[in-house]
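Visitor: I'd like a close look at the cysteines in this one, and at whatever sits around them. Could you walk me through that part and then set it in the rest of the chain?

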Amino acid sequence: MTDIIYTCTNYVRILIDDTDSSDYEYSDKRLSDLIIMSCSYVNNDTDSKYTVDLCSKTVSPDPDSNFINLVALKSVCLLASAQYSRNARTGDVKVNDGVTSVDLKGLSSGLKDFSKTACENYARELNNYLLGRDIRGVIVTTPNSES
């Protein structure tokens with residue numbers, strides 16, 4: 001039986017570069033909640049016949065590798081979009097105090113680009129899947145790669 005949460009947690013951590021186990025930015029619980037929600041989105045997007053139980057965090061029957069890859073990509077898209085949205089609301093700050101200036105406005109542009117790329121990667125691979133193309137191996141690419 002495939003543990004989609006365990007498998008996707010590893011994939012997502014690699015894609016978002018959160019791999020230092022001594023100092024994870026995102027807890028396993030946070031990522032597992034995100035992943036199971038992504039399962040629901042991917043299930044709807046692909047019109048697949050999986051049953052996604054949000055409470056018990058399970059997917060049955062065992063998902064194939066295409067579904068798992070799409071879930072990981074969707075998770076990164078949702079996470080990046082949330083980061084950008086949160087940063088855009090609270091992080092665009094410019095402070096001038098005499099000769100001292102602090103400008104954090106440029107930080108959100110990097111998050112915006114990452115969010116856009118992550119969601120474009122998901123959309124591209126979803127289209128490939130819907131066209132009958134196998135998307136195995138996509139998960140080893142980085143969110144900013146062009147493949």
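Guide: Sure, and let's start with the backdrop: of the 147 residues in the chain, 38% are buried. Keep in mind that this is a predicted model. The chain has four helices and four strands, and from the N terminus on they come in the order α-α-β-β-α-β-β-α. Take the contacts between residues at least 6 apart in sequence: 63% of them join residues at least 24 apart.

Now the cysteines. The disulfide count comes to one, and the pair in question is Cys-77 with Cys-119, whose sulfur atoms sit 2.0 Å apart. That is within the 2.5 Å cut-off for a disulfide. The link between Cys-77 and Cys-119 is right-handed, with 90 degrees about the S-S bond. Cys-77 belongs to helix H3 (residues 65-90) and Cys-119 to helix H4 (residues 107-130), so the bond ties together parts that are 42 residues apart in sequence. On burial, Cys-77 has a relative accessible area of 7%, which makes it buried, whereas Cys-119, at 23%, counts as partly exposed.

What about Cys-8? The closest cysteine sulfur to that of Cys-8 is in Cys-39, at 6.1 Å, and that is too far for a bond. Cys-8 is buried, with 0% relative accessibility, and Cys-39 is listed among the buried residues of H2. Cys-55 is another story: its relative accessibility is 78%, so it counts as exposed.

Since Cys-39 brings us to H2, let's stay on that helix for a moment. H2 covers residues 28-46, and its 19 residues should span 27 Å at 1.5 Å a residue; the end C-alpha atoms are 26 Å apart, so the two agree. The buried residues of H2 include Leu-31, Leu-34, Ile-35, Ser-38, Val-42 and Thr-46. As background for reading that list, an α-helix has 3.6 residues a turn, so residues three or four places apart point the same way. After H2 comes Asp-47, with a positive phi near 55 degrees.

On the surface, there is a nonpolar patch formed by Met-37, Tyr-41 and Leu-54, with about 260 Å² of accessible area together. Leu-54 sits in the loop between strand S1 (51-53) and strand S2 (58-60), and with 41% relative accessibility it counts as partly exposed. For the chain as a whole, the accessible surface is about 8,600 Å², and carbon and sulfur atoms account for 51% of that.

Back to the helices, starting with H1 (residues 4-15), where you'll find Tyr-11. Tyr-11 is partly exposed, at 27% relative accessible area. The C-alpha atoms of Tyr-11 and Asn-69 are 8.3 Å apart, though 58 residues separate the two along the chain.

Last stop is H4, the helix that holds Cys-119. Asn-128 is in H4 too, and its relative accessibility of 18% makes it buried. Setting aside neighbours within four places in sequence, Asn-128 is in contact with Arg-133 and Ile-135.

Conventions: Residues are numbered from 1 along each chain as its sequence is written. This is a predicted model: local features need pLDDT of at least 70, side-chain atom pairs count only at pLDDT 80 or more; totals for chains, interfaces and linings use all residues. Side-chain values use heavy atoms; hydrogens and water are left out. Helices (H or I, at least four residues) and strands (E, at least two) are DSSP runs, numbered from the N terminus. The expected span of a helix is 1.5 Å times one less than its number of residues. Buried means under 20% relative accessible area, exposed over 50%, partly exposed in between (1.4 Å probe, protein chains only). Contact means heavy atoms within 4.5 Å. Accessible areas come from the Shrake-Rupley method with a 1.4 Å probe; for residues, only the protein chains shown count as cover. Patches are made of residues with over 30% relative accessible area and no salt bridge: like charges are joined within 9 Å, nonpolar side chains (Val, Leu, Ile, Met, Phe, Trp, Tyr) within 5 Å. A salt bridge is a side-chain nitrogen of Lys or Arg within 4 Å of a carboxyl oxygen of Asp or Glu.
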